[in-house]
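User: Please take a close look at the pairing of charged side chains in this model, and follow the subject into whatever helix packing bears on it. A single connected account would be preferred.

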Amino acid sequence: LGLWRVYGTARLLGQGEPAESRRRLGLWAAALLAVSPTLIVSAHAAKPDSMMFFLAAWSWHFSFRYLQEGRARDLAFCSLLAGLAASTQYTAAPLLLLPLSALGARVLSGDTLSLWTCAKLSVLSGAAWALGLFGGSPFILLDWPSFWRDFQDQRGIVGARELAGLVVVRNALEFAGPWVGGLALLAGALRLLAFDRSKAALLLTPAASLIGLLSLSAEGDWARYLLAAYPAFALIAALGVEWAFSRLPRRAWATALALAALLLPGAWRSWAFDRELILPDTRTIFVKSIIETGS
């Protein structure tokens, strides 16, 4: 469901382009995430990361809806879903910047919003985000002392570790597996900065903020902590892939070649992980042999 939403958002990203190009943007973005090792590992785990990714994907979608149509309700939905994502996994908290980035992107696109209107929309966004956060995790308010104590305990546990630093950047570049997703991400980011400042502000500001915050954290080297930014990574990378694809002949084999280049690196790494999960559990075999031999 998260991939489906990213596919639709990628088509919004290509608004103004031919329908064929918009469909391809959706295809590239969904293909990159379909084999993402981090997403696949998280889907096998009894943790809330997949739900957080789903909510974040919807939040990014409504941020684009607001950029294109300027409706306050889209900005409110973006904020509400960002808050729900944060209530699901606290590493999504930097998505609080997403509605503000969408507001700034709208101004950069030429919308002459007054300072008072920007202030009202910012307050609306903050309230909707808080509603999502505390609506999804009401215990934060109901038992604030316990929440704060546990938060401080967690900080104490990881406090002795080194800061993640540039490991977070490497994790971002490997969001879809080795090399290809990272190259596409860099190409797409450069194109946005060169040709579309409003979309660059919307996509790059929250994603770069999350990378920066995690680089200053002792736990930031966990790749799954970047999942809230994965929709943005896929959208930016899709732009880079479409730019490279436009240089190829418009033939079926070219599309197949592009898809193979996107899918194979991540699929190979993801399969290597899955293969380990289906191997026999040697611990139970060892215990069984002890019982049978009596030794």
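Analyst: A helix here is a DSSP run of type H or I with at least four residues, and helices are numbered from the N terminus. The model is predicted. On that numbering, helix 2 spans residues 19-34, and because Arg 24 and Glu 20 stand four residues apart in it, about one helical turn separates them. The two residues form a salt bridge, with 3.0 Å between the closest N and O atoms. The partners differ in burial class: Arg 24 counts as buried because its relative accessibility is 7%, under the 20% limit, whereas Glu 20, at 45%, is partly exposed.

This pair belongs to a total of ten salt bridges in the structure. In general terms, side chains of opposite charge can pair when their charged atoms come close.

A network of salt bridges links Arg 65, Glu 69, Arg 71 and Asp 74. Within this network, Glu 69 pairs with Arg 71, the closest N and O atoms lying 2.9 Å apart. Both of these residues are partly exposed, Glu 69 with a relative accessible area of 41% and Arg 71 with 25%. Another salt bridge joins the side chains of Asp 74 and Arg 65, with an N to O distance of 3.9 Å. Asp 74 is buried, at 1% relative accessibility, while Arg 65 is partly exposed, at 23%.

Glu 69 leads from the network to a helix contact. Glu 69 is one of the helix 4 residues that meet helix 6, together with Ser 59, Trp 60, Ser 63, Tyr 66, Leu 67 and Gln 68. On the helix 6 side, the residues met are Leu 98, Ala 102, Leu 103, Ala 105 and Arg 106. By class, this contact comprises seven nonpolar, three polar and two charged residues.

The geometry of the pair can be stated briefly. Helix 4 covers residues 49-69 and helix 6 residues 97-108; their axes come within 9 Å and cross at roughly 20°. Since that angle is under 35 degrees, the two helices count as roughly parallel. The crossing of helix 4 past helix 6 is right-handed.

A second helix pair offers a contrast in angle. Helix 11 (residues 180-195) and helix 13 (residues 230-245) pack at about 85°, with axes 6 Å apart. Helix 11 is therefore roughly perpendicular to helix 13. Their contact has eleven nonpolar, three polar and one charged residues.

How values were computed:
Residues numbered from 1 in each chain as written. Predicted model: local features only at pLDDT ≥ 70, side-chain atom pairs only at ≥ 80, totals over all residues. Heavy atoms only, no water. Axes fitted to C-alpha atoms, helices over the stretch in contact; angles between N-to-C directions. Parallel < 35°, antiparallel > 145°, perpendicular 65-115°, else oblique. Left-handed = near helix turned anticlockwise from the far one by under 90°. Contact = heavy atoms within 4.5 Å. Nonpolar A, V, L, I, M, F, W, Y, C, P; charged D, E, K, R; others polar. Salt bridge = Lys/Arg side-chain N within 4 Å of Asp/Glu carboxyl O. Buried < 20%, exposed > 50% of the residue type's maximum accessible area, 1.4 Å probe, protein only.
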